[in-house]
Amino acid sequence: MKQIFLGWLTTCLMVTPAWADTHTPAQSLPAVKVVSVHNPAQYAGIQIGDVLQRSITLSVSAQEQLNDSSLPLKGLQRNGIELRQWQVSSASQADKKIYTLVFDYQVFASSGKPIQLQLPVERIRFNSGAAAELPAWRFWLMAQLPDRLQPAKPTVIAQYHASMLETDSTQRWLVLSLLLAVIGSLVLLYRNADWTWLPMMNGHFAKAYHRLKRLPATAEGQKQAALIVQHAFNQHYGQQMLSSQVGAFVQQQPVFQSLETQIQAFFVQANAVLYGGQLPAAAEYLQQCKTLTRQLRDCERRV
C-alpha cells in the first residue's frame with residue numbers, strides 16, 4: 001500500500017508542471033515603435049526662464065488608444081524643471097496609428113556656477129498596457145549672478161597718473177603773443193582806418209582826408225581841396241596860417257617836422273589854385289592833397 005501511494009505522488013509531481021505550461025501560456029503586449037525623438041538643438045548656455053521643447057513620435061496598431069491619464073500633470077515641477085504643457089496629435093496610416101507628443105518645459109533652477117540638469121523621463125502608456133519612454137535629456141545651465149556680491153574696490157587696479165606738464169611758461173608766452181597781436185591790430189587800425197569816431201582818430205587832418213575823398217576831379221574840386229586842407233592847418237595851428245608860418249608851425253608841432261617840405265609845397269600850389277596862377281591837373285592835384293593829408297593824419301595820430 002505504501003509503495004502504491006509513493007508511486008501515485010511521484011506521478012502527480014511530474015505531470016503538474018506540464019499541465020501548468022499547457023493551460024497558462026505567457027501573454028505578450030502589443031509592440032510600440034518609436035519613430036523619432038526630437039530634443040532641443042541647444043544644450044549649453046541655457047538660463048533661468050528659458051523654454052525647452054521636445055517631442056516623440058510613436059507608431060502603434062490601429063486599435064491602440066493613448067492613456068491620457070498616464071501623462072504627467074501640467075505645472076509639475078521636477079528638479080527645477082516645470083512642465084508647462086503637452087500636446088498630443090494622432091493620424092491613421094494603413095493599419096497603424098501615429099501619435100506625436102510635444103512637451104514644453106520651463107527652467108526655474110538657478111546656480112552661481114554652471115551645472116548640468118536634465119529633462120525628465122516621460123512614460124507613455126496605452127490602454128492595452130503597452131508603453132514607451134521618452135528618455136531623459138541633459139543640458140548645461142548657465143551660471144547666474146551670485147546672491148552675495150563682493151565689493152569691487154579690493155580688486156580694482158589703481159590707475160597710473162601721468163605727471164603734469166609745466167604750462168606756466170607756455171601761458172605767459174601765449175598772453176604776451178596775444179597782447180602783441182592786439183597792439184599790432186590797434187596800430188594798423190589807427191594808421192589805415194578812415195573812421196573819425198574812435199579816440200585819437202577824429203583829428204583835423206583825419207576829417208580833411210575824409211572830405212577830400214568825396215571831391216570831384218574838377219577845377220571847383222581843386223579849390224575845395226585847397227580850402228579844406230588850409231582849414232585843417234588853421235584849426236591845428238590855432239589861427240590863420242600862411243606859407244611864411246610853416247617853420248613856426250613845425251616848431252610848435254614837432255611831430256610834423258618830417259613833412260615840412262611837403263607842407264611848404266602845398267601852400268605854394270594852394271596860392272596858385274586860389275589866387276590865380278599855373279594850375280596843375282585837377283586829378284593830380286587832388287591826389288597830392290590826399291597823400292599829404294593822409295601823411296599829416298598819421299603824424300596826428302602818432303603812428
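Is Asn-79 buried or exposed? At 71% relative accessibility, Asn-79 counts as exposed. The cut-off for that label is over 50%. Asn-79 sits in the loop that joins strand 3 (77-78) to strand 4 (81-93). Its backbone also stands out: phi is near 55°, a positive value in a residue that is not glycine. This is a predicted model, and everything below should be read as such.

Start with the whole chain. The protein chain holds seven helices and nine strands. It has 303 residues, and 30% of them count as buried. Its accessible surface comes to about 20600 Å². Carbon and sulfur atoms contribute 57% of that surface. Now take the contacts in the chain with a separation of 6 or more. Residues 24 or more positions apart account for 63% of them.

Return to strand 4, this time at its other end. Ala-94 lies in the loop between strand 4 and strand 5 (96-107). Ala-94 has a positive phi of about 55°, although it is not a glycine. Ala-94 is exposed, with a relative accessible area of 79%. So both loops that flank strand 4 hold an exposed residue with positive phi: Asn-79 and Ala-94.

Within strand 4, look at two serines. Ser-89 belongs to this strand. It is partly exposed, with a relative accessible area of 40%. Leaving aside neighbours within four places in sequence, Ser-89 is in contact with Ile-98, Tyr-99 and Thr-100. The C-alpha atoms of Ser-89 and Leu-101 are separated by 6.6 Å, with their positions 12 residues apart along the chain. Ser-92 is also in strand 4. Ser-92 is exposed, at 66% relative accessible area. Ser-92 and Val-60 are 32 residues apart in sequence, yet their C-alpha atoms lie 9.8 Å apart.

One side-chain arrangement involves a charge and a ring. The charged end of Lys-74 sits over the ring of Trp-86. The distance to the ring centre is 5.4 Å.

Next, the helices. Helix 4 covers residues 219-237, which makes 19 residues. How far apart are its end C-alpha atoms? They are 27 Å apart. At 1.5 Å a residue, the expected span is 27 Å, so the model agrees with expectation. Helix 4 has many named residues in the buried class. Among them are Gly-221, Ala-225, Ile-228, Val-229, Phe-233 and Tyr-237. The buried list also includes polar side chains, such as Gln-222, Gln-230, Asn-234 and His-236. What covers the buried residues of helix 4? The cover includes helix 3 (204-212), helix 5 (246-252), helix 6 (260-275) and helix 7 (282-300). Just after helix 4, Gly-238 takes a positive phi of about 95°.

Helix 3 has its own buried set. Phe-205, Ala-206, Ala-208, Tyr-209 and Leu-212 are buried there. They cover an arc of only 160° around the axis, which puts them on the same side of helix 3. Helix 4 and helix 7 are included in what covers them.The aromatic rings come next. A search of the whole structure finds 11 aromatic pairs. Trp-137 and Phe-139 form a stacked pair, 5.8 Å centre to centre with 20° between the planes. Trp-137 is buried, and so is Phe-139. Now compare the pair formed by Phe-205 and Phe-233. Their ring centres are 5.1 Å apart and their planes meet at 75°, so the pair is edge-to-face. The pair links distant parts of the chain: Phe-205 is in helix 3 and Phe-233 is in helix 4, 28 residues apart.

Are these two rings buried or exposed? Phe-205 is buried, with a relative accessible area of 0%. Phe-233 is buried too, with a relative accessible area of 0%. Both rings belong to one aromatic cluster, formed by Phe-205, Phe-233, Tyr-237, Phe-249, Phe-256, Phe-266 and Phe-267.

Notes: Residues are numbered from 1 along each chain as its sequence is written. This is a predicted model: local features need pLDDT of at least 70, side-chain atom pairs count only at pLDDT 80 or more; totals for chains, interfaces and linings use all residues. Side-chain values use heavy atoms; hydrogens and water are left out. Helices (H or I, at least four residues) and strands (E, at least two) are DSSP runs, numbered from the N terminus. The expected span of a helix is 1.5 Å times one less than its number of residues. Buried means under 20% relative accessible area, exposed over 50%, partly exposed in between (1.4 Å probe, protein chains only). Contact means heavy atoms within 4.5 Å. The arc is that of the directions from the helix axis to the C-beta atoms. Rings of Phe, Tyr and Trp (its six-membered ring) pair if their centres lie within 6.5 Å; planes under 30 degrees apart count as stacked, over 60 as edge-to-face and the rest as tilted. A charge sits over a ring if NZ of Lys or CZ of Arg is within 6 Å of the ring centre and within 35 degrees of the ring normal. Accessible areas come from the Shrake-Rupley method with a 1.4 Å probe; for residues, only the protein chains shown count as cover.
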